[in-house]
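Reader: I am new to this structure. Can you show me how to read it, feature by feature?

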Amino acid sequence: MNKDALREKLKQSPRLKRLMDWLIMSPTETRPRWYVRLVAPLYQHRGRGSKIYASVRMDTPPYRRFSLGRSSVVESFSCINNAVGDVLIGDHTRIGLHNTIIGPVTIGNHVNLAQGITVTALNHNFGHLQLRIDEQGVTTNPVSIADDVWIGANAVVLPGVSIGRHAVVAAGAVVTKDVPDYTVVGGVPAKVIKHLKS
């Protein structure tokens, strides 16, 4: 049975899905159980010459894709989470120290993320006033970062954002809207501050 057929079967059986979720993910730790983490290198895709430092928290259950391209690096104390959506990282890309990436996120080739950056496609629902926020679930809106992008330290990229080719995000920026190709954005919320010309 292929993965798509298994996913479809789980969708049709809520009890089986809950059981599988419980076996794979610890509800208290909100990360894959220790025995799943032991076999993670068998189902993660890591390109030739890529490196994930030992201190990186890899919250990558097997029912979503994680891919790290050739000669790409995930630096120390980062967290990669694909529990709610795939995380796909291209070739020659550097995920800097203490970054958090929560899928679904696609990051292109030759991308540089500095330190302390959050890229998240996940948001908690909070609209029902009669329910606690932790009872309302989450929503996702994919994030896409094109090739040849530089994101400065402590920037935040929020759900649904696309960052264009050869764009620069200034340190500390909060990116709430799409960033066009060949632009520099900065501020809270981030705005275009410069157009890069050939």
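Author: We will go through the sheets, the core, the surface and the salt bridges in turn. One caution comes with every step: this is a predicted model.

Reader: Let me start with the sheets. In what order do the strands of the 8-strand open sheet lie?

Author: Read a sheet by listing its strands side by side. Here the order is 4-7-10-13-18-21-23-24. The sheet is open, and its pairing is mixed.

Reader: Which are the edge strands?

Author: Look for strands that pair on one side only. In this sheet they are strand 4 (51–52) and strand 24 (191–195).

Reader: Where can I see the mixed pairing?

Author: Go to strand 23 and look both ways. Strand 21 (residues 168–169) pairs with strand 23 (residues 183–186) in the parallel sense, over 2 bridges. Strand 23 and strand 24 run antiparallel, joined by 4 bridges.

Reader: Which residues of strand 23 are the bridge partners of Val168 and Val169?

Author: Val168 has Val184 as its partner. Val169 has Val185. Now turn to strand 24: there Val192 stands opposite Val185.

Reader: Are the faces of strand 23 covered or open?

Author: Begin with the general idea. In a regular strand, side chains alternate between the two faces of the sheet. Now the case here. Thr183 and Val185 lie on one side of strand 23, Val184 and Gly186 on the other. All four are buried, and both faces are covered.

Reader: How many residues lie between the strands in the hairpin of strand 23 and strand 24?

Author: There are 4. Check the backbone angles in that hairpin too. Gly187 takes a positive phi near 100°.

Reader: What is the order of the open sheet of 6 strands?

Author: The order is 5-8-11-14-19-22, and the pairing is parallel. Strand 5 and strand 22 (174–175) are the edge strands, each pairing on one side only. For an inside pair, take strand 14 (residues 118–120) and strand 19 (residues 156–157), which run parallel and share 2 bridges. Thr118 in this pair stands opposite Val156 of strand 19.

Reader: On to the interior. How many residues are in the largest nonpolar core?

Author: It has 34. To find your way in, start from the residues with the most contacts inside the core. These are Ile101, Val119, Ile145, Ile151 and Ile163. Then ask which elements contribute. Strand 6 (66–68), strand 9 (87–89), strand 12 (105–107) and strand 17 (143–145) each give two or more residues.

Reader: Take Ile151. Which residues is Ile151 in contact with?

Author: Set aside its neighbours within four places in sequence. Then Ile151 touches Asn112, Leu113, Ala114, Ile117, Ile145, Val157, Ile163 and Val169. Two of these names, Ile145 and Ile163, are also on the list of residues with the most core contacts.

Reader: Now the outside. Which residues form the nonpolar patch on the surface?

Author: They are Leu19, Trp22, Leu23, Trp34, Tyr35, Leu38, Val39 and Leu42. Together they have about 890 Å² of accessible area. Helix 2 (14–24) and helix 3 (34–38) each supply at least two of the patch residues.

Reader: Why is Trp22 called partly exposed?

Author: Read the relative accessible area. Partly exposed runs between 20% and 50%. Trp22, in helix 2, has 48%, so it counts as partly exposed.

Reader: Last topic. How many salt bridges does the whole structure have?

Author: A search finds 8. One of them joins Arg31 and Asp59, at 3.3 Å from N to O. Arg31 lies in strand 2 (residues 31–32) and Asp59 in strand 5 (residues 57–59), so the pair ties together parts 28 residues apart in sequence. Arg31 and Asp59 are both buried. A network of salt bridges links Arg31, Arg57 and Asp59.

Reader: Which residue forms a salt bridge with Arg70?

Author: Asp91 does, with the closest N and O atoms 3.0 Å apart. Arg70 lies in the loop between strand 6 and strand 7 (73–74), and Asp91 in the loop between strand 9 and strand 10 (94–95), so this pair ties together parts 21 residues apart in sequence. Compare the exposure of the partners. Arg70 is partly exposed at 43% relative accessibility, whereas Asp91 is buried at 19%.

Definitions and conventions
Residues numbered from 1 in each chain as written. Predicted model: local features only at pLDDT ≥ 70, side-chain atom pairs only at ≥ 80, totals over all residues. Heavy atoms only, no water. Core = buried A, V, L, I, M, F, W, Y, C linked by side-chain atoms within 4.5 Å. Buried < 20%, exposed > 50% of the residue type's maximum accessible area, 1.4 Å probe, protein only. Contact = heavy atoms within 4.5 Å. Pairing = 2+ DSSP bridges. Patch = residues over 30% accessible without salt bridge, like charges linked within 9 Å, V, L, I, M, F, W, Y side chains within 5 Å. Areas by Shrake-Rupley, 256 points an atom, 1.4 Å probe, with all protein chains shown as cover. Salt bridge = Lys/Arg side-chain N within 4 Å of Asp/Glu carboxyl O.
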